[in-house]
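Here are a few exercises to work through with the structure open beside you. Try each task on your own, then check the steps below it.

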Amino acid sequence: MVLEEFFIEDDDGRIVITAEQASRFAKEMAGDFNPIHNPGARRFCVPGDLLFSLVLARFGLSPCMTFYFRGMVGDSVPLTFEQSGETITVSDARGKVYLHVDRSGEPTFDPTVISAFTRRYIAFSGRNFPHYLQPLMQEHGVMFNPERPLVIYDSMGFCLNRLDAEAPTLHFDKAWLDVAGKRADAHMHFEMIAGDERIGTGEKKLVVSGLQPYCDETMQGIICDFNKLKAAATA
C-alpha cells in the first residue's frame, strides 16, 4: 500500500496530515464518508485507519496488537511516532497522545503481508455505516443526531496465528450495541481467513454519541445521501 501521498514528513521527521489528505484517504482507500473527515468540518479529525496504516508500515505487523484511540487529530498537526518496548505511541509536540498501541510477538516487516492485511482491514473498517451500524441502531431503537452525526473510533485489536498469509480475507462475524443513555458502544467482531483456515480474530469498537429515538424515514434519507456521496466519489 502506498501511503506517501497521504502525509508529509517535516524537517524534524514528524508526520503531518492535511485535512485534504485525510479526507482523500477516508474516501478513496476506506470508502469512509463520515462527515468528521471532511475538510472544514466543525469537529474534523484524521481517520483512525490512516494512523493504523502508518503504524503498521513503520513498525511492522505483530501477531497481537491493540490500538487505543485517545484523541481526535486535527488538520496538519505534527505527529511523532515512537516505540518503547512493546508499546507504540502517536503524539503531538505538547505530548498529547492520540494513539496508544500495545503489541506482542515477533513482528513481520514483509511489505506484501503488511499491505494485504492493511487493505483488508481498512476496507472492512470503512463499512461501519450503513452496513453494520444502521441495523444495530434500528434494533435498539436509537440513532445519532442527523444534524451532528458523531461516530468516533475508540479501539481495535486482533490476534493472528500466523503472519505469512499474503492474501488473507477478512470476514465480518457479528456486531452488538451497548446503549447507555445518550451514548452507545458499537462492537464489530471479525475473522481473518487464509484459504480454508481461520488465522485470526479481532474486534473494533466505536462510540456513537448524541443518541435520539430511531426514525426510519430520517435514517433512509441519511443513507440515500451517503450513497450519493459514495457514487460521486467513485465515479
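**Exercise 1. Cysteines**

Task: Work out whether Cys159 is buried or exposed, or something in between, and find its disulfide partner.

Solution: This is a predicted model, so the values here are all computed from it.
- Start with accessibility. Cys159 has a relative accessible area of 37%. Buried would need under 20% and exposed over 50%, so Cys159 counts as partly exposed.
- Now look for a partner. Cys159 is joined to Cys64, with the two sulfurs 2.3 Å apart; the cut-off for a disulfide is 2.5 Å.
- See where the two ends sit. Cys64 is in strand β3 and Cys159 in strand β8 (residues 150-160), so the link brings in distant parts of the chain, 95 residues apart.
- Check the other end. Cys64 is also partly exposed, because its relative accessible area is 22%.
- Finish with the twist: the angle about the S-S bond is 125°, and the link is right-handed.

Task: Explain why Cys215 has no bond to another cysteine.

Solution:
- The closest cysteine sulfur to that of Cys215 belongs to Cys224, and it is 15 Å away, so it's too far for a bond.
- Turn it around and the closest cysteine sulfur to Cys224 is the one in Cys215, again 15 Å off and too far.
- Cys215 is partly exposed at 32%, and Cys224 is partly exposed at 36%.
- A search of the whole structure turns up 1 disulfide.

**Exercise 2. A serine in a loop**

Task: Find out where Ser62 is and what it touches.

Solution:
- Ser62 sits in the loop between α2 (48-59) and β3 (64-69).
- Its relative accessible area is 0%, so Ser62 is buried.
- Leaving out residues up to four places away in sequence, Ser62 touches Arg103, Ser104, Gly105, Pro107, Phe158 and Leu163.
- With Arg103 there's a polar contact too: the side chains of Ser62 and Arg103 are joined at 3.5 Å.

**Exercise 3. Helix α3**

Task: Test the length of helix α3 (residues 111-125) against what you'd expect.

Solution:
- Helix α3 has 15 residues, and at 1.5 Å a residue it should span 21 Å. The span uses one less than the number of residues.
- The end C-alpha atoms of α3 are 21 Å apart, so the two values agree.
- Look at the N-terminal end next. Asp110 caps it, with a side-chain oxygen 2.9 Å from the backbone nitrogen of Thr112.
- Then look for buried residues in α3: they include Ile114, Phe117, Tyr121 and Phe124.

**Exercise 4. Rings and core**

Task: Decide how the rings of Phe52 and Tyr121 are arranged.

Solution:
- The count of aromatic pairs comes to 13.
- For Phe52 and Tyr121, the ring centres are 4.9 Å apart and the planes make 50°, so this pair is tilted.
- Phe52 lies in helix α2 and Tyr121 in helix α3, so the pair ties together parts 69 residues apart in sequence.
- Both Phe52 and Tyr121 are buried.
- Phe124 and Tyr132 make another tilted pair, 5.6 Å centre to centre with 40° between the planes.
- Ring pairs join Phe52, Phe67, Tyr121, Phe124, Tyr132, Phe172 and Phe190 into a cluster.

Task: Which residues have the most contacts inside the largest nonpolar core?

Solution:
- This core has 70 residues, and the ones with the most contacts inside it are Val55, Leu61, Phe67 and Phe158.
- Helix α2 gives the most to it, with 7 residues.
- Phe158 has contacts with, among them, Phe52, Leu61, Phe67 and Phe117.

Technical notes:
Residues numbered from 1 in each chain as written. Predicted model: local features only at pLDDT ≥ 70, side-chain atom pairs only at ≥ 80, totals over all residues. Heavy atoms only, no water. Helix = DSSP H or I, 4+ residues; strand = E, 2+ residues; numbered from the N terminus. Buried < 20%, exposed > 50% of the residue type's maximum accessible area, 1.4 Å probe, protein only. Polar contact = N/O pair within 3.5 Å; in protein donor to acceptor, adjacent residues only side chain to side chain. Contact = heavy atoms within 4.5 Å. Core = buried A, V, L, I, M, F, W, Y, C linked by side-chain atoms within 4.5 Å. Phe/Tyr/Trp six-rings, centres within 6.5 Å; stacked < 30°, edge-to-face > 60°.
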